[in-house]
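Here is a short briefing for a first look at one protein chain. Please keep the sequence and the 3D view side by side as you read.

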Amino acid sequence: TAPGPCSYTTLRDEAVKLFNSLQQLESERDPVPLMQGVLQTCLDLPPLVDEIYCQLVKQTTEPPAPGGQGDLHYWQLLTCMSCTFLPSPPVLRFLRFHLDRRVPGVPAALRELARTENRFPASEMAKYACFIREALGKTKGRECVPSLEEILVLMQRQEMICTVHCPGAPACSVAISSHTTAEEVAQELVSRLGLSQSPNLFALYEQSRRREQPVGSATLLADVLTRFE
């Protein structure tokens with residue numbers, strides 16, 4: 001196996017390290033940095049994305065303490081994965097099947113095929129499963145892994161609040177998800193400020209101490225926020 005980038009070793013060794021990280025996740029009091037580390041490794045070493053998805057499916061299948069801290073941490077990492085990476089088609093089918101077993105309203109025949117019942121229809125696991133299924137339909141790949149703030153809101157299945165400074169107007173707070181693009185935010189602000197009939201073109205700009213540059217219309221705002229972090 002070829003060595004990975006940066007300080008990574010072989011894919012096999014990194015897979016073992018990730019497995020150990022998942023085991024540690026069960027008892028971790030502050031799982032956010034550990035989750036971000038797993039996501040970063042998957043971003044740097046794409047062949048490991050399927051491996052982590054399969055490990056998380058395994059860990060969330062009939063856990064010893066359903067709804068316990070360890071179980072919820074696995075579901076939360078699976079949520080972050082679903083907003084960052086798409087698995088390969090075979091693993092995606094396997095993952096959707098796994099989620100369907102926990103989502104209310106799935107046909108009984110499918111549950112029978114899965115040899116399990118929808119035992120936790122109002123549980124946190126069912127809510128995470130619904131969120132993940134929806135996210136998988138929107139995820140197209142990320143330039144950056146979720147920021148620490150984004151991971152925290154994903155763990156609660158919520159949106160981030162992004163503050164945009166508008167010339168000649170007060171700063172505007174916009175709720176964004178992991179899939180919100182710069183163009184979508186610009187259009188919302190144009191509507192809020194009553195500029196829909198203006199002949200001008202509008203765009204978002206990213207400003208730092210050293211430079212100011214336009215944000216591409218298809219750029220995910222979540223990636224921009226991660227770069228600032």
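Pro 146 sits in the loop that joins α7 and α8. In this predicted model, Pro 146 has 0% relative accessibility, under the 20% cut-off, so Pro 146 counts as buried. Ala 222 lies 76 residues away from Pro 146 in sequence, yet their C-alpha atoms are 7.0 Å apart.

**The loop between α7 and α8**

- Beyond its neighbours within four places in sequence, Pro 146 touches Gln 36, Leu 39, Thr 84, Ile 151 and Thr 226.
- One of these partners, Ile 151, is itself a buried residue of α8.
- Lys 138 also belongs to the loop between α7 and α8.
- Is Lys 138 buried, partly exposed or exposed? Its relative accessibility is 41%, which lies between the 20% and 50% cut-offs, so Lys 138 counts as partly exposed.
- From Lys 138 to Leu 86 the C-alpha distance is 9.6 Å, with their positions 52 residues apart in sequence.

**Helix α8 and what follows**

- Helix α8 covers residues 148–155 and has the highest mean pLDDT among the elements, at 97.
- Which residues of α8 are buried? They are Glu 150, Ile 151, Val 153, Leu 154 and Met 155.
- These buried residues pack against four helices and a strand: α2 (32–44), α4 (69–82), α7, α10 and β1.
- After α8 comes Arg 157, with a positive phi near 60°.
- Arg 157 lies in the loop between α8 and β1.
- With 23% relative accessibility, above the 20% limit for buried residues, Arg 157 counts as partly exposed.

**Another positive phi**

- Glu 62 is a residue other than glycine with a positive phi, here near 50°.
- Glu 62 is placed in the loop between α3 (48–59) and α4.
- Its relative accessibility of 58% is over 50%, so Glu 62 counts as exposed.

**The largest pocket**

- The volume of the largest pocket is about 780 Å³.
- Its lining is made of 26 residues. Val 164, His 165, Cys 166, Leu 204 and Tyr 205 are the ones nearest the centre.
- Which elements give two or more residues to this lining? They are β1 (160–164), α9 (182–192), β3 (205–207) and α10 (221–228).
- By type, the lining of the largest pocket has 20 nonpolar, 3 polar and 3 charged residues.

**The second largest pocket**

- The second largest pocket has a volume of about 190 Å³.
- A set of 16 residues lines the second largest pocket. Nearest its centre are Phe 131, Gln 158, Ser 177, Ser 178 and His 179.
- At least two lining residues come from each of α7 (124–136) and α8.
- The lining of the second largest pocket splits into 7 nonpolar, 4 polar and 5 charged residues.
- Where do the lining residues come from, in terms of domains? Domain 1 (11–155) and domain 2 (160–228) each give at least three of them.

**The chain as a whole**

- The protein chain holds 10 helices and 4 strands.
- Read from the N terminus, their order is α-α-α-α-α-α-α-α-β-β-α-β-β-α.
- The chain has 229 residues, and 45% of them are buried.
- Of the contacts with a separation of 6 or more, 65% join residues 24 or more positions apart.

**Confidence in the model**

- Mean pLDDT for the protein chain is 87. A value of 70 or more is reached by 89% of the residues.
- Helix α6 (residues 108–113) has the lowest mean pLDDT among the elements, at 40.
- Over residues 106–118, pLDDT stays under 50. How many contacts beyond four places in sequence does the model have for this stretch? The number is 16.
- Where pLDDT is low, the predicted coordinates should not be read in detail.

Conventions
Residues are numbered from 1 along each chain as its sequence is written. This is a predicted model: local features need pLDDT of at least 70, side-chain atom pairs count only at pLDDT 80 or more; totals for chains, interfaces and linings use all residues. Side-chain values use heavy atoms; hydrogens and water are left out. pLDDT is the predictor's confidence in each residue, from 0 to 100. Contact means heavy atoms within 4.5 Å. On a 1 Å grid over the protein atoms alone, a cavity is a set of points where a 1.4 Å probe fits but cannot get out, and a pocket is an open set with protein on both sides within 12 Å along at least five of seven lines; lining residues have an atom within 4 Å of a point. Grid points are joined across faces, edges and corners, and a volume is the space filled by probe spheres set on the points. Ala, Val, Leu, Ile, Met, Phe, Trp, Tyr, Cys and Pro count as nonpolar, Asp, Glu, Lys and Arg as charged, and the others, Gly among them, as polar. Domain bounds come from an automatic or database domain assignment. Buried means under 20% relative accessible area, exposed over 50%, partly exposed in between (1.4 Å probe, protein chains only).
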